[in-house]
Amino acid sequence: MAPTASNRPIVISGPSGAGKSTILKRLFEEYPDRFGFSVSHTTRGPRGEEKDGVEYHFVTREQFDDLIAKKGFVEHATFGSNSYGTSIAAIEDIEKKGRTCILDIEMEGVKQVANHPTFPRPRFLFLSPPSMDILEQRLRGRATDKEADILKRLNQAKVEMEFAKSPEAPHDKIVVNDDLEKAYQEAKAFIVGEDA
Ligand SMILES: Nc1ncnc2c1ncn2[C@@H]1O[C@H](COP(=O)(O)OP(=O)(O)OP(=O)(O)O)[C@@H](O)[C@H]1O
C-alpha cells in the first residue's frame, strides 16, 4: 500500500538532547493509535529477552549485506562490529497497520533517506536546541550520560547544527525546542496538522 499524503513517514532528527524522545513520547500519548516506529534490522545477537521481529529483526551479516545490495534499507550504519538499518519493508509494516511511521534517526541516516533511489521522500522535521549552552545543561541534567559521552554528543551536535543550516539539508520544518509546550505544539502542527 503506497503511503498517502497524510500518512507519509516523518523523519525526526536533531542533536542528542534536543528533546526528540520527550516530544515523541507526548505525541504517542496524545495519539495512541496514529503512529508507529519501524522495527530495525541488526546483525548483533539478541540480548536478554529480546525477540526477533519485536525489538529488532535479527539477521546474519550475509542477509544484512544482501538487503543493502537490493537497496532494501532506507538507511543503515555500522557501530563497532554491528550493523543496524531501517528497511523499506519495516516502514511498510507500519503503513499496513494504517499508521504513520516515525523515523527517529541521526544525521548520516537522514542524508541516506533523502538520497534513496526509490523510497518516496518522507517529511523531514529537525528539532534544534535553543543554544549549545542549553543543550549542554540538558544533557547534564538528564544524568544518563557519562562525561565523555556528553562531550562526544556536544561535538556531534555542532556538526548536526551546521548540517541543518547547509543547503543539502532536506528538512521541511525546523522546530526550536526552547519552551517545551511551544515546541510540542509546533512539532505536532507539522506532524498531524493541515499540512500533513
Ligand atoms: N524544552 C525543554 N526544556 C527543558 N528541558 C527539556 C526540554 N525538552 C527536553 N528537555 C530535557 O532535555 C533532556 C534531553 O531530552 P531527550 O532525552 O528527549 O532528547 P533526545 O533528543 O531524545 O536525545 P537522544 O537523541 O540522546 O535520545 C531530557 O532530560 C528532557 O527532559
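These are my notebook entries on a predicted model of a single chain.

**Entry 1: the chain as a whole**

I began with the record, and I found that UniProt, in an unreviewed entry, places the feature "domain: Guanylate kinase-like" at residues 7-192. Over residues 7-192 I read 43% helix and 22% strand, and I noted that the C-alpha atoms at the two ends of this stretch are 9 Å apart.

I then looked up the secondary structure of the chain, which comes to seven helices and nine strands. The radius of gyration is 17 Å, close to the 16 Å that the globule rule gives for 196 residues, so I wrote the chain down as being as compact as a globular protein of that length. Along the principal axes, the C-alpha trace spans about 45 × 40 × 35 Å.

I also asked what share of the 196 residues counts as buried. The value is 29%. Taking contacts between residues at least 6 apart in sequence, I found that 67% of them join residues at least 24 apart.

**Entry 2: the nonpolar core**

Before going inside I reminded myself that in soluble globular proteins nonpolar side chains tend to be buried together. In this model the largest nonpolar core has 26 residues, and those with the most contacts inside it are Ile10, Val11, Ile12, Ile102, Leu125, Leu127 and Ala187. I listed the elements that give two or more residues to this core, and they are β1 (10-13), α1 (20-30), β5 (73-79), α3 (88-96), β7 (100-104), α4, β8 and α7 (180-192). Which element gives the most to this core? I found that it is β8, with four residues.

I followed one core residue further: leaving aside its neighbours within four places in sequence, Ala187 is in contact with Ile23, Leu125, Leu127 and Val175.

**Entry 3: helix α7**

Ala187 led me to α7, where the buried residues are Ala183, Ala187 and Ile191. They cover an arc of only 65 degrees around the axis, which puts them on the same side of α7. I checked the length as well: at 1.5 Å a residue the 13 residues of α7 should span 18 Å, and the end C-alpha atoms are 18 Å apart, which agrees. The cover over the buried residues of α7 includes β1, α1, β8 and β9 (173-176), while the face turned away from the buried side carries the exposed residues Glu181 and Lys182.

**Entry 4: helix α4**

For α4 (107-114), I noted Gly109, Val110 and Val113 as the buried residues. Their arc around the axis is only 105 degrees, which puts them on the same side of α4. I found that these buried residues pack against β1, β5 and β8.

**Entry 5: helix α6**

Helix α6 (residues 147-165) has 19 residues, and I found that it reaches 27 Å from its first C-alpha to its last, close to the 27 Å expected at 1.5 Å a residue. I asked which residues of α6 are buried. They are Ala157, Glu160 and Met161. Seen down the axis of α6, the buried residues fall within an arc of 100 degrees, so they line one face of the helix. What covers them includes α4, β8 (123-128) and α5 (132-142), and on the other side of α6 I listed Ala148, Asn155, Lys158, Val159 and Glu162 as exposed.

**Entry 6: three exposed positions**

I looked up Lys71, which sits in the loop between α2 and β5, and found a positive phi of about 60 degrees although this residue is not a glycine. With 12 C-beta neighbours inside 10 Å, Lys71 counts as exposed, since 12 or fewer is the cut-off for that class.

Ala143, in the loop between α5 and α6, also has a positive phi of about 60 degrees although it is not a glycine. Is Ala143 buried or exposed? I recorded Ala143 as exposed, with 6 other C-beta atoms within 10 Å.

Last, I turned to Glu62, which lies in helix α2 (residues 61-69) and is exposed, with 9 other C-beta atoms within 10 Å. I noted that the C-alpha atoms of Glu62 and Val192, 130 residues apart along the chain, are separated by 39 Å.

Methods: Residues numbered from 1 in each chain as written. Predicted model: local features only at pLDDT ≥ 70, side-chain atom pairs only at ≥ 80, totals over all residues. UniProt positions renumbered as here; feature names shortened; annotations may be inferred. Rg over C-alpha atoms; globule rule 2.2 N^0.38 Å. Buried ≥ 20, exposed ≤ 12 C-beta atoms within 10 Å, placed from the backbone. Contact = placed C-beta atoms within 7 Å. Expected span 1.5 Å × (residues − 1). Arc of directions from axis to C-beta. Core = buried A, V, L, I, M, F, W, Y, C linked by C-beta atoms within 7 Å.
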